[in-house]
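Here is a short report on a protein model and its ligand. It goes from the overall fold to two helices and then to the ligand shell.

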Amino acid sequence: MTGKAFTLAWQARPRLVILAVVIAVTTAAVPVTVAWLTKFILDAIVLGLPTSTLLVLASLLAALGLVAKAVAEGARYCQAELDRSIALQAQSRLYGALNRLPGLARLEDPAFLNQLRLAQTMGGRTPGQILSGFLSISTATLGILGFVGSLFSLSPIMASVILVSVAPALLAEIALSRRRVSMHLRLGPRERREIFYAQLMTDAQAAKEVRLYGIGSFLHTRMVAERQAANAENRALDRRDLTTQLALGGLSALIAGAGLVWTIIRAHHGALLIGDISMFIAAVAGLQGQLAGLVGEVARTHGQISLFKSFLAVEGAEPDLAVAARPAPVPPLSQGIRLQDVWFRYSEEHPWILRGACLDIPAGTSMGLVGLNGAGKTTIVKLLTRMYDPTSGRITWDGTDLRDVDPGELRARIGAVFQDFMAYDLSARENIAVGRLDLMGDTPAIEAAAREAGIDEKLRSLPRGYETLLTRLFIDEDNEDGDATGVFLSGGQWQRMALARAMLRRESDLLILDEPSSGLDAEAEHEVHTRIAALRSGRTSVLVSHRLGAIRHADTLAVLQDGAFAEVGGHDELIARNGLYARLFQLQASGYRDPIDTTTTI
Ligand SMILES: Nc1ncnc2c1ncn2[C@@H]1O[C@H](COP(=O)(O)OP(=O)(O)OP(=O)(O)O)[C@@H](O)[C@H]1O
């Protein structure tokens, strides 16, 4: 564990690590040297040594003061720079590891999210703090050895008593630090909930419901309750800490006082020199200071090491999907996609969502997925994009099991608009280009995609056209003339942006549209669907929509019910079957046909 923290520090700034070690050793040597020089000076005065000797000793002492100051400042700078570099390295590794997770399972697992929160809030800093902890421990240990040696020359018994008195402090601090770490782990979910409530109260999107339903004080009370509960645990531990520290501090003071009385009496009887008293005071103060520092540092470092485990757990998390060492290639789709007896549940604790689903999606055709809420349509989309693997059964792409292909390679062949698509706080151009980053600078391609999604005109009318920031979170710092605030799009306009993103992949082998038009007005919906149909003619598409009128023209419609495809066929065929599809279609159609019945209540 500690080795891993050092490796991380070394990888970040090897030369600074060496410098930090040199500074630590120098820092340890300074107080002991000062104590000895002071003793020599006092003895020289008492013994009447020549002034020249006194001058040399005094100059050395003065020079040492300068060294001590320079080393302290150097240590501060070196530590701050090391902390920054190590935190950057750690953060980069943490998020790199998250990006390498191929699927969704980890990010939908609360236990993993708890570890991640600890790794995010503590993990970046912990490797640097472990390193600085070890350096401080080394400095303190070297200083202690120096003072113990010095004290030993005066009184071996006193040196031993002071050393032994530290053992309980060390054990008590380690026990306290263990409790602190386990408390942090325990408080993880509580703190995540606290952040969740706080975010709801500051989120502009949530604000509408929060205001309308008047749940602000409800959220506020819950947030405060979570903090109070966390504070209560922290307070209990702090009280334990306080009593322990008071007891240990009293013990130290007692031992130091007894030692001082003993030394003064001995000096009074002529058994010790006056310089010995100063040496004793310096040694005891230095020793106890260093020991207290050591004890605190050991406990802190121990705590940091435990927290660093969360960082390593996230960084070293096993991939949530098995990716073959030599994945099968993903060829351009020529035959089709096939679901063969697919069973799926999100985890063993969750119910089955798919129970032996079978479906053929021939290449070059459009497939409309229909089903009631919660039937599993989006789950099918997640499986098709290999965010998850089926629990049993298989999905094939031209005969190749998706488990055998690289998820990245597969996804590069797919364009998608997800039901919960993203609205990025980026410029309009960037919002579209995330669909294909290689086209970021290709203005005609970006504009064509926006045109196909019917949002080009709107984007052109923005203050800085495609370069306008679509956000209210950040200030548009590049906007030199006038208003620096970003622009807010409407829900339907955002949906068109998501469509434009997918349009950049219009040539993709598979286009998945999960409720792509729920926010569009009727005219726009018709226009978008007609355009997509024309663009995708002869290509493979999967469309998910509750608006059956919008997908009725798909080549095949598949109705998902009770975990399997209960009805599969063309619109007319399914209407003739008079099953769930026919019922849903007629229900929707009647909503448009029937005259408004003013007596009906909803
Ligand atoms: N990450 C998850 N972990 C556990 N259960 C999940 C997860 N995501 C979805 N589910 C469950 O899986 C079931 C199917 O969800 P899914 O989103 O696939 O339905 P859907 O047919 O797309 O529904 P809708 O029409 O409402 O969008 C639901 O019962 C849902 O609660």
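## Overall fold

In this predicted model, 76% of the contacts between residues at least 6 apart in sequence join residues at least 24 apart. The protein has 19 helices and 10 strands. Its radius of gyration is 35 Å, well over the 25 Å that the globule rule gives for 602 residues, so the protein is more spread out than a compact globule.

The C-alpha trace spans about 115 × 55 × 50 Å along its principal axes. Of the 602 residues, 32% are buried.

## Helix α15

Helix α15 covers residues 491-503. At 1.5 Å a residue, its 13 residues should span 18 Å. The end C-alpha atoms are 18 Å apart, which agrees.

This helix is mostly covered, with 10 of its 13 residues buried. The buried set includes two arginines, Arg-496 and Arg-501. Also among them are Gln-493, Gln-495, Met-497 and Leu-499. The cover over the buried residues of α15 includes two strands, β6 (414-417) and β7 (510-514). Helices contribute too, including α12 (428-433), α13 (443-452), α14 (456-460) and α16.

## Helix α16

Helix α16 runs through residues 522-536. Its 15 residues should span 21 Å at 1.5 Å a residue, and the end C-alpha atoms are indeed 21 Å apart.

Which residues of α16 are buried? They are Glu-525, Val-528, His-529 and Ile-532. These four cover an arc of only 95 degrees around the axis, which puts them on the same side of α16. An α-helix has 3.6 residues a turn, so residues three or four places apart point the same way.

Glu-523, Thr-530 and Ala-534 are exposed, on the face of α16 turned away from its buried side. Over the buried residues of α16, the cover includes α15 and α17 (548-551). Just after the helix, Gly-538 takes a positive phi of about 85 degrees.

## Ligand shell

The ligand has 13 residues around it. Which of them come nearest? Tyr-346, Asn-373, Lys-377, Thr-378 and Thr-379 do.

Helix α10 (residues 377-384) gives the most to this shell, with 3 residues. By type, the shell divides into 3 nonpolar, 8 polar and 2 charged residues.

Definitions and conventions. Residues are numbered from 1 along each chain as its sequence is written. This is a predicted model: local features need pLDDT of at least 70, side-chain atom pairs count only at pLDDT 80 or more; totals for chains, interfaces and linings use all residues. The expected span of a helix is 1.5 Å times one less than its number of residues. A residue is buried if 20 or more other C-beta atoms lie within 10 Å of its own, exposed if 12 or fewer, and partly exposed in between; C-beta atoms are placed from the backbone. The arc is that of the directions from the helix axis to the C-beta atoms. Two residues are in contact if their C-beta atoms, placed from the backbone, lie within 7 Å. A residue is near a molecule or strand if its C-beta atom, placed from the backbone, lies within 6 Å of it. Ala, Val, Leu, Ile, Met, Phe, Trp, Tyr, Cys and Pro count as nonpolar, Asp, Glu, Lys and Arg as charged, and the others, Gly among them, as polar. The radius of gyration is taken over C-alpha atoms; the globule rule is 2.2 Å times the number of residues to the power 0.38.
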